[in-house]
Amino acid sequence: MAPPYVLSLLLLLVLSVPAVFLVAPRLIPPRALPAIPDADETEDLALFRRAVLLSAAPSSKAGAGPASPSRFFGAAHRRQRKQKVAFLFLTNSDLVFAPLWERFFAGHHGLLNVYVHADPAAAFALPPTPSFRGRVIRGKATQRASATLISAARRLLATALLDDPANHFFAMLSQSCVPLRPFPALYRTLTADTAGPRGRHRSFIEILDAEPTLHDRYYARGDDAMLPEVPYESFRVGSQFFVLTRRHAVMVVRDRRLWNKFKLPCLVKRKHSCYPEEHYFPTLLDMQDPAGCTKFTLTRVNWTDSFDGHPHTYQPEEVSPELIRDLRKSNGTYSHMFARKFAPGCLAPLMEIADSVILRD
């Protein structure tokens, strides 16, 4: 028989094992960043299925007859022959530039719809202006270095697909975005581009394959985490602010295969290389319909003095007619239609030149 002190040690060891499992998670740092909650994923999946089913119905095409009532905003829409632009705002703060957008929208409401995804934790002090009133969808929490921004964008796309079958173009914007040209100029650009397959409209989305940070970003979730669905040679990067056609919006909300990879949380040790919202959309569309994309974004961003992953933020003293004209310029075929990032204090000087510069071709 073992000595009493040996039995005591064995008993102590047995009793301490459960304690180790309870305390260890608090002592050992997590290997990966937080994942998207299962409840959010399940709710989103139901929304996406409804959007895909409605879009697949033969009667859902714009111009095909009366539309069913909106499921989200309660207003009955009539399908029109004119294709509409859905403006999708991702925000975690007040829409400070709403007065400028109101001028941009004025006289064109028959050709557009507005949708806002607001982080539930954000505090809003400003009352909504007419075009934004009642246009806030049910939002979920968002944060950098996670796939929550992808989820929010997909949620906006699905809502707009369900709300009005006439929505044909889907422009993703942030609260710091401002228009650079009048609405008719944007509408002409979107509807005139028919260089896609079978003369279809193309999506204006940036797609790049030779960026210096691409390697680190690809392996942010682990060495083999993206395989086999997303091989390294198919991995792309681009701005999260784009204009998608309806068929590409449906393609995004229908996708499960690539989403199951991009929703994986990044490793904590590689969190500074984790920007899933800049990779999911260009990778998906380049893999499934590269000829249907311009590979060019209509939203101008200044990365010359970026800090902590954020682009240059324009201050009130920088706003001028010359700045607007410079931001419009592009190395591509098309002029830029939007720009970011503008500080809230820029509203007053922007409104001063709205009619004379921004809203004039």
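**Strand β2 and the cysteines**

The structure holds 1 disulfide, and I will come back to that link after a word on the model itself and a look at one strand.

Please keep in mind that this is a predicted model, and that confidence varies along the chain. The protein averages a pLDDT of 88, with 85% of the residues scoring at least 70. Over residues 60–69, however, the pLDDT is below 50, although this stretch has 25 contacts in the model beyond near neighbours in sequence. Residues 74–80 also stay under 50, and for them the model has 27 contacts beyond four places in sequence. Where pLDDT is low, the predicted coordinates should not be read in detail, and I would ask you to treat those contacts with that caution.

Let me turn to strand β2, which covers residues 112–118. Is this strand buried or exposed? Of its 7 residues, 7 are buried, so β2 is largely enclosed by the rest of the structure. If you follow the side chains, L112, V114, V116 and A118 point one way from the strand, while N113, Y115 and H117 point the other way, and the residues on both sides are buried.

Which strands does β2 pair with? Strand β1, residues 84–91, runs parallel to β2 and is joined to it by 7 bridges; within that pairing, V85 stands opposite L112. Strand β3, residues 136–137, also runs parallel to β2, here with 2 bridges, and V136 in β3 is the bridge partner of V116. There is also a helix to place in this picture, because α3, residues 98–105, makes a right-handed β-α-β unit together with β1 and β2.

Now, as promised, the cysteines. Which two of them form the disulfide? They are C266 and C274, whose sulfur atoms lie 2.1 Å apart. A disulfide is a covalent bond between the sulfur atoms of two cysteines. In this model the link of C266 and C274 is right-handed, with 75° about the S-S bond. C266 has a relative accessible area of 2% and therefore counts as buried, the cut-off being under 20%. For C274 the relative accessible area is 2%, so this partner is buried as well.

Two further cysteines deserve a mention for their surroundings. C293, at 5% relative accessibility, counts as buried, and C346 is likewise buried, with a relative accessible area of 0%.

Methods: Residues numbered from 1 in each chain as written. Predicted model: local features only at pLDDT ≥ 70, side-chain atom pairs only at ≥ 80, totals over all residues. Heavy atoms only, no water. Buried < 20%, exposed > 50% of the residue type's maximum accessible area, 1.4 Å probe, protein only. Helix = DSSP H or I, 4+ residues; strand = E, 2+ residues; numbered from the N terminus. Pairing = 2+ DSSP bridges. Disulfide = S-S within 2.5 Å. pLDDT = per-residue confidence, 0-100. Contact = heavy atoms within 4.5 Å.
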